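Work through the exercises below with the structure open. Try each task before reading its solution.

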Amino acid sequence: MPARDLSGLYRSVPRPVPNEITRDALLSVLQKSECPLIVLVAPAGYGKTTLLAHYAREEPQRAVWLSLREDDADPAVLCAHLRGALTALLPSLGLDRSAAALVAGASSSVHARALAGDLSLSPVNLNMFLDGAELLQEAAEDWLGHLLDGLGEGHRVFLASWSEPRLRFAQRVAAGTAEVIGAGHLAFTRDETARCLGPRDDDSVHRRLDGWPIGVNLAALGISPVLGAEHILDEALSRLPLPLRRRLPDASVLDLWTEDTATDLGVDLPAGWLRDVRRAGLPLIPLDGAYRPHHLLRERLDRDLRQDPGVYAALHVRAGRRAETRDDSWQALEHYRQARAERDLLRVAGGLAPHHERRGEYRLVRQVLEPLGAALPVPLRTALGLALYETGDPVRGEATLRGLYAQGERDPGLLFALGILCARTGRPGEQLALVEEGLRGPHSPRDAARLTRLWASAQLALGRADDAVSTARTALKQARTLDDPIEIGAVLDVLQVACRETGDLAGGEAALRWALSLYQQVGMPARALIASNDLAMLLWTLGRPQEAAQTVDEALAVAEQEHSAVQALLLETRADLAFDQRDMAAAASDYQAALRSCEHYGVATLQSRILPRLTDALLHAGDPAAAVQAVMHARLSFGDTEHARSALVFSDGLLAGDRGDWPAASLAFSAVTVSGFGAPESVYRRAVLRRAQADLRAGTFSAARVQSTEEQLRHAGPLDFTVTDEAAVAEVRAALSQFGHAVSPWADALPRTSDTPVPSDRPSPVMLHLKTLGPLNVTVDGQRVHIPLSRSAEVLVWLAWHGGTATRGEIMNDLWDGSTEQRHIEYFKVAVRHLRTALTSHPAITFNPVPFEAGRYRLAEQLQVHLDARLPAQALRERTCAALQAALDAYGGPFLNDSSVEWACVRRTELLEQSLSAGLTLAATLEDEDSVVAAATYERCLELDPLSEETHIRLIRLWSRLDEPEGLRRSYTRYQRMVHDEYGQTPDPAIRALAE
């Protein structure tokens with residue numbers, strides 16, 4: 001008899017289980033999630049399959065289901081099963097790319113991305129369910145990871161697993177592209193337990209089962225109506241051989257079960273015990289050769305073990321000792337807590353807390369010390385107080401530290417911690433007094449190094465940079481004798497600032513490079529990245545822009561890989577380098593990326609510093625619309641702080657100056673300079689300068705303002721102004737001289753730029769040209785790209801028009817009339833996916849052309865976008881013949897003529913009016929220079945709008961002035977016919993007389 005093919009069963013969505021309830025909250029999470037990967041991680045019996053099957057049955061036309069088997073650990077088998085399921089669901093899709101990759105014998109990664117490319121052409125958004133993902137091994141997970149990396153907008157993969165998959169899962173969660181639903185989410189709520197139990201509902205059942213779905217379901221079926229999970233566990237335990245059943249509670253002290261770990265701990269279990277436990281049906285989760293017991297099982301065994309307190313404590317102490325020998329202090333700490341071994345507990349905490357304190361990991365310090373309560377000795381209470389202060393509980397932290405001081409404690413560590421508080425709150429005098437008190441009393445060499453470092457920091461804050469250098473060098477000698485790289489690095493941080501303050505830039509560079517190597521050595525990437533940023537800025541100051549750019553680019557690569565929040569700082573520095581080199585397009589791109597990084601990581605402190613420069617860069621790059629958009633977005637997203645308000649108002653002044661509204665610019669800059677506004681010093685001085693320039697251009701700068709302007713700018717230095725302030729400096733300097741006022745050194749304070757361009761590893765931009773006035777034409781580096789869906793084209797043009805970033809809601813508000821219907825949201829995703837596929841068909845686009853980050857869409861930074869629809873407004877601002885002619889030539893027809901959405905219709909009217917205005921302005925300019933070309937230009941304007949009465953009359957008057965009767969007759973006849981046919985009127989008598 002031939003073997004039965006069961007593969008179809010594994011591709012079928014499971015049917016409802018008996019007594020299944022609808023889990024609305026979890027189904028809503030699955031429905032609303034935008035992540036391409038959703039993983040359900042929980043032990044057996046938590047309803048992962050049931051929930052996913054219920055969701056899959058709601059939209060069967062989109063569901064691809066695989067119940068994984070052991071052979072799916074082979075990526076080739078997994079691929080074949082998934083292709084088969086896809087073909088069964090969508091026979092017309094045709095998996096041509098992946099088929100070609102299979103024939104060519106491509107690597108699994110290439111094939112996975114080819115399959116992702118096939119899926120990008122799907123007419124529907126697919127939900128792919130992989131149940132039993134714990135069966136996948138490394139090769140299959142690697143294949144699946146490549147598929148996910150290439151998966152287009154709208155498609156999602158759902159995994160049900162006993163443990164978290166690899167797949168760079170933590171990075172995906174941090175980046176917002178993966179979501180995890182764990183056992184805590186899957187456990188039944190009280191209401192769900194009641195609905196499942198029905199008439200059998202009993203509150204004690206829910207409490208005892210703790211929402212374990214399988215236990216509740218069995219209770220509902222009458223299999224274990226009262227005891228639930230415990231009854232199930234007891235039943236499984238009863239199947240064990242009696243010697244094993246008696247000794248198994250000893251294993252409850254182990255997080256992971258293997259026969260070797262039990263032997264190491266001295267737990268006397270019979271040979272083969274783990275095999276017997278698995279065969280008995282006890283809930284174990286397999287993890288790379290070991291097994292993790294279900295927490296309910298472990299609690300059940302733990303309760304049995306506690307019946308003998310002596311054995312319980314001895315085993316946990318033994319487990320703690322074993323953890324210490326493996327350098328796992330955290331696990332040792334937990335075992336000693338269970339054993340109530342206070343001496344061991346304080347001993348481990350006494351080593352663990354200072355270690356994390358030195359590394360600046362204050363949350364971990366709290367995690368170690370807070371549970372220990374009042375039993376802590378003074379050094380550990382000091383460490384806890386500082387950790388509280390540094391992790392968002394400053395009131396309790398300061399109260400702890402000052403309380404110890406008030407009790408007469410003078411431990412050097414306490415004085416150091418109080419000195420840190422003073423440094424944070426700007427009290428250098430008190431900081432210095434605490435340091436001196438600490439150094440007078442008994443102290444260890446490590447205390448001396450830390451206190452001396454804090455002494456140098458206080459001297460810096462008091463403006464005594466020379467003293468700070470000497471003190472920091474002393475602290476450095478002390479730290480080096482300790483052979484403590486972290487303390488050496490901390491001293492070097494202070495020393496490099498002090499050297500730069502005294503003008504010793506070479507000394508500052510040496511300190512930074514040393515600190516950088518130390519932080520890399522001890523594995524502190526965040527501190528190393530900050531040191532790299534400081535080094536890049538110093539190198540630029542030293543006139544070595546190439547090294548500065550290389551340092552930033554190398555650090556950025558690490559920051560991106562580590563998903564570090566320092567990305568925002570590094571992007572700002574790279575933008576500053578480009579800005580000072582006058583590469584405004586590159587600067588604007590990096591400033592925008594820095595702001596997006598600030599939003600993603602919640603780094604609000606940099607935003608107000610970046611915005612004015614971004615606005616400046618966009619204006620000097622000739623993109624005022626993008627500058628306005630950036631300021632509008634900032635106004636909505638920035639917090640209400642003094643620095644944010646000053647950045648916004650200063651940027652408003654820049655925008656007003658760009659459009660020639662000098663009174664408005666003066667008003668904005670004046671607001672920034674008002675006492676109490678809270679603007680940073682550099683922004684304040686730039687505002688004073690720009691206000692004086694605005695008043696000069698508005699004709700309102702008076703002799704009375706000369707003295708105050710000079711006083712406000714007297715102490716300005718090279719870091720206060722930018723290269724874009726050159727015109728303002730020249731104008732204000734000339735005005736001061738004109739009024740007979742001596743010019744102070746501030747007028748020479750502009751930063752110098754290097755004549756040598758800064759090379760960068762950034763590739764040349766890919767040119768994306770969008771012709772939207774007339775038939776749509778999209779080209780990438782001169783080669784046409786076909787956009788198959790009209791909605792995809794609309795999304796592309798919308799993003800190009802607005803620049804910056806946008807949420808899906810903002811885009812749909814314009815292109816889908818603000819619809820929130822699920823069918824429209826799904827089609828939006830299809831449109832974006834097809835847009836990405838169309839653009840990446842060009843070989844130059846090897847990146848995601850439409851990234852989705854932090855809930856916002858944008859066009860990739862690597863694209864240099866040219867949109868013909870921007871030309872009319874730009875021409876009307878510049879009013880040069882070349883710009884006006886270019887705008888007129890660009891108009892080949894109505895804007896996005898095939899689109900019927902209101903946004904396109906409104907833009908269509910605006911662009912026609914702007915193009916016509918550009919044409920009329922050009923023709924009027926040419927009338928005196930070349931009347932024939934002017935007449936042709938008027939004719940071109942009539943092609944744009946045959947009903948424009950102004951154009952008809954201007955042309956008639958031109959022919960009359962030129963005494964060209966034939967042209968006059970022809971134009972008048974056409975005008976006469978137009979007013980009659982369209983308005984049922986006759987021409988104005990004055991025009992008729994002119995023609996006659």
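Four exercises with worked solutions follow.

The model is predicted: local features need pLDDT of at least 70, side-chain atom pairs count only at pLDDT 80 or more, and totals for chains, interfaces and linings use all residues. Residues are numbered from 1 along each chain as its sequence is written, and side-chain values use heavy atoms, with hydrogens and water left out.

**Exercise 1. Describe the chain as a whole.**

Step 1: count the secondary structure. The chain has 50 helices and 13 strands. Helices (H or I, at least four residues) and strands (E, at least two) are DSSP runs, numbered from the N terminus.

Step 2: take the dimensions. The C-alpha trace spans about 120 × 90 × 55 Å along its principal axes.

Step 3: look at burial. Of the 996 residues, 50% are buried. Buried means under 20% relative accessible area, exposed over 50%, and partly exposed in between (1.4 Å probe, protein chains only).

Step 4: look at the surface. The accessible surface is about 45,300 Å², and 52% of that belongs to carbon and sulfur atoms. Areas come from the Shrake-Rupley method with a 1.4 Å probe; for residues, only the protein chains shown count as cover.

Step 5: check the contacts (heavy atoms within 4.5 Å). Among contacts with a separation of 6 or more, 63% join residues 24 or more positions apart.

**Exercise 2. Trace the five-strand sheet and the helices on it.**

Step 1: write the strand order. The open sheet runs β2-β3-β4-β1-β5, with parallel pairing. Two strands pair if DSSP finds at least two bridges between them.

Step 2: find the edges. β2 (63-67) and β5 (178-181) each have a single partner strand, so one side of each is left without a neighbour in the sheet.

Step 3: add the twist. It averages 15° from one strand to the next.

Step 4: inspect one pair. β1 (residues 37-41) and β5 are parallel and share four bridges. L40 has I181 in β5 as its bridge partner.

Step 5: place the helices. α2 (residues 24-32) touches β1, β4 (156-161) and β5, and its direction makes about 170° with that of β5. α3 (residues 48-58) touches β1, β2, β3 (127-131) and β4, at about 155° to β4. Axes are lines fitted to C-alpha atoms, for helices over the stretch in contact; angles run from 0 to 180 degrees between N-to-C directions.

**Exercise 3. Do the same for the four-strand sheet.**

Step 1: write the order. This open sheet reads β10-β9-β8-β13, and its pairing is mixed.

Step 2: find the edges. They are β10 (783-784) and β13 (863-867), each paired on one side only.

Step 3: inspect one pair. β8 (residues 766-771) and β13 run parallel and are joined by five bridges. L770 has L867 as its bridge partner in β13.

Step 4: place the helix. α41 (residues 790-802) lies across β8, β9 (777-780) and β13, at about 105° to β8.

**Exercise 4. Assign Q693, D327 and R340 as buried or exposed.**

Step 1: take Q693. It sits in helix α38 (residues 681-698). Q693 is buried because its relative accessibility is 5%. Leaving out residues up to four places away in sequence, Q693 touches A727, A728, E731 and V732.

Step 2: take D327. It lies in the loop between α18 (309-325) and α19 (329-339). D327 is exposed, at 70% relative accessibility. Its phi is positive, about 60°, although D327 is not a glycine.

Step 3: take R340. It belongs to the loop between α19 and α20 (342-358). R340 is exposed, with a relative accessible area of 77%. R340 is not a glycine, yet its phi is positive at about 55°.
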